[in-house]
Amino acid sequence: MRSAKIVGLGKYLPPRKLTNSDLEKMVETSDDWITTRTGIKKRHIVEKGMSASTLAKYAARQALKRAGIKSSDLDLIIVATITPDTQFPSTACYLQNHLHARHAACFDVSAACAGFVYALTCAWQFISTGFYKNALIVGSEVLSSITDWQDRSTCVLFGDGAGAAVLTSTSRGGILSAYLGSDGSKGDFLILPGGGSRFPSSHETIDQGLHHIKMKGNELFRIAVRIMVQAAKKALKKAKVPVRDVKMLIPHQANIRIINAVTKRLKLTPEQVYVNIARYGNMSSASSAIALCEAWEEEKISRGDVIVLDAFGGGLVWGSTVIRWI
Ligand code: UT7
């Protein structure tokens, strides 16, 4: 049975860092509140003019170099993002142009914080059916562009960044299973209301702040833990892999308290769970991608290991992927 394996990982974080003490000067907050309630200490923020495709380009180049695959050999590029360069063309098309990946079909996936898991699942399906051989998937976000910097309940949470993975066809190991889910009835829990066809940008939408993220944090928190535990278990069951065999869980990095609760409910040890939220905050689709890349860079993943990606976000959407690393 043909599957897809990851053969190269890359990441890019814009150089500018915004610390909790920087935020203390912008809104009524404290390092202590942010640290204890979220686990975040700092986040990276782009300079003006840097868009999702720029971040994606740097992450993708690193992943391609590590994979030893030329951009001209890519059949498919999927970018997961909720902060695309423009509504259209897709950010994947901009990225194709940056990389000169002339033979690739390109599209974006809009699945918020689960975007990387959704994109990975799409690429896996294209590759395992034999339709394509080589794919590039990227989670890239400039969340600072949709953050209300006067709203302390959201502005302390988010950061910018991109993570990329190159996949190719394999006849053993690689992606073993995936599970995806959605609940559109709770779309207003995490939403960017303005700028689409429902509320096209106007002076009025800007005055009402509809171009900024709106979030019901408490409601999301409660659902996130339950859904992430369920998603990981369902994906592992499909792969016929017991939880005890998991070498590394790569959870979405929204809140350290969510990650700790998921760790406990899955009966994993902290060593089995990759966490980098303190350095970067919540980067939506880029969080899982960068966490996976760093776990590999830090040699926490070796050949034969079972890795589980597990993400949850606005939509609502969630998903989990089980990979045997080869
Ligand atoms: O990315 C995927 C989807 N996202 C998530 O899954 C996020 C899930 N939710 C969360 O991570 C948490 O709900 C938050 C971190 C967003 C909020 O933490 P919380 O413990 O749920 O805080 P809260 O919203 O219940 O607020 C508690 C208090 C409030 O004050 P009062 O009303 O109790 O007086 C807030 O006004 O904390 C206040 N507060 C702050 N205080 C200092 C809210 N934001 C801040 C802040 N600094 N930045």
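Let's start with one residue: at 0% relative accessibility, Ser288 counts as buried, because the cut-off for that word is anything under 20%. Keep in mind as you look around that this is a predicted model. Ser288 sits in helix 11, which covers residues 285-297. So what does Ser288 touch, once residues up to four places away in sequence are left out? Its contacts are Cys113, Phe116, Ile250, His252, Leu309 and Ala311.

Now for the sheet. Five strands make up an open sheet in the order 1-7-6-4-5, and the pairing is mixed. Strand 1 (3-12) and strand 5 (105-109) are the edge strands, each with pairing on one side only. Going from one strand to the next, the twist averages 20°. In general, strands of a sheet pair through backbone hydrogen bonds, either parallel or antiparallel. Which sense do strand 4 and strand 5 use? Strand 4, residues 76-80, pairs with strand 5 in the parallel sense, over five bridges. If you want to find one pair by eye, look for Ile78, whose bridge partner in strand 5 is Phe107.

A helix joins the picture here. Helix 4 (residues 91-99) packs on the sheet and touches strand 4, strand 5 and strand 6 (134-142). The direction of helix 4 makes about 130° with that of strand 4.

Helix 4 also meets helix 3, and elsewhere helix 8 meets helix 9. Here are the two crossings:

| Helix pair | Axes come within | Crossing angle |
|---|---|---|
| Helix 3 (residues 52-67) and helix 4 | 9 Å | roughly 55° |
| Helix 8 (residues 217-239) and helix 9 (residues 256-265) | 9 Å | roughly 35° |

The angle between helix 3 and helix 4 makes helix 3 oblique to helix 4. Helix 3 passes helix 4 in a right-handed crossing. On the helix 3 side, the contact is made by Ala52, Ser53, Thr54, Ala56, Lys57, Ala60, Arg61 and Leu64. Helix 4 brings Thr91, Tyr94, Leu95, His98 and Leu99. Sorted by class, this contact has seven nonpolar, four polar and two charged residues.

What about the other pair? The crossing of helix 8 and helix 9 is right-handed. Helix 8 offers Phe221, Ala224, Val225, Arg226, Met228 and Val229, and these meet Arg257, Ile258, Ala261, Val262 and Arg265 in helix 9. How many residues of each class does the contact of helix 8 with helix 9 have? There are eight nonpolar and three charged residues, with no polar ones.

Note on methods:
Residues are numbered from 1 along each chain as its sequence is written. This is a predicted model: local features need pLDDT of at least 70, side-chain atom pairs count only at pLDDT 80 or more; totals for chains, interfaces and linings use all residues. Side-chain values use heavy atoms; hydrogens and water are left out. Two strands pair if DSSP finds at least two bridges between them. Helices (H or I, at least four residues) and strands (E, at least two) are DSSP runs, numbered from the N terminus. Axes are lines fitted to C-alpha atoms, for helices over the stretch in contact, and angles run from 0 to 180 degrees between N-to-C directions. Contact means heavy atoms within 4.5 Å. Buried means under 20% relative accessible area, exposed over 50%, partly exposed in between (1.4 Å probe, protein chains only). Angles under 35 degrees count as roughly parallel, over 145 as roughly antiparallel, 65 to 115 as roughly perpendicular and the rest as oblique. A crossing is left-handed if the near helix is turned anticlockwise from the far one by less than a right angle, and right-handed if clockwise. Ala, Val, Leu, Ile, Met, Phe, Trp, Tyr, Cys and Pro count as nonpolar, Asp, Glu, Lys and Arg as charged, and the others, Gly among them, as polar.
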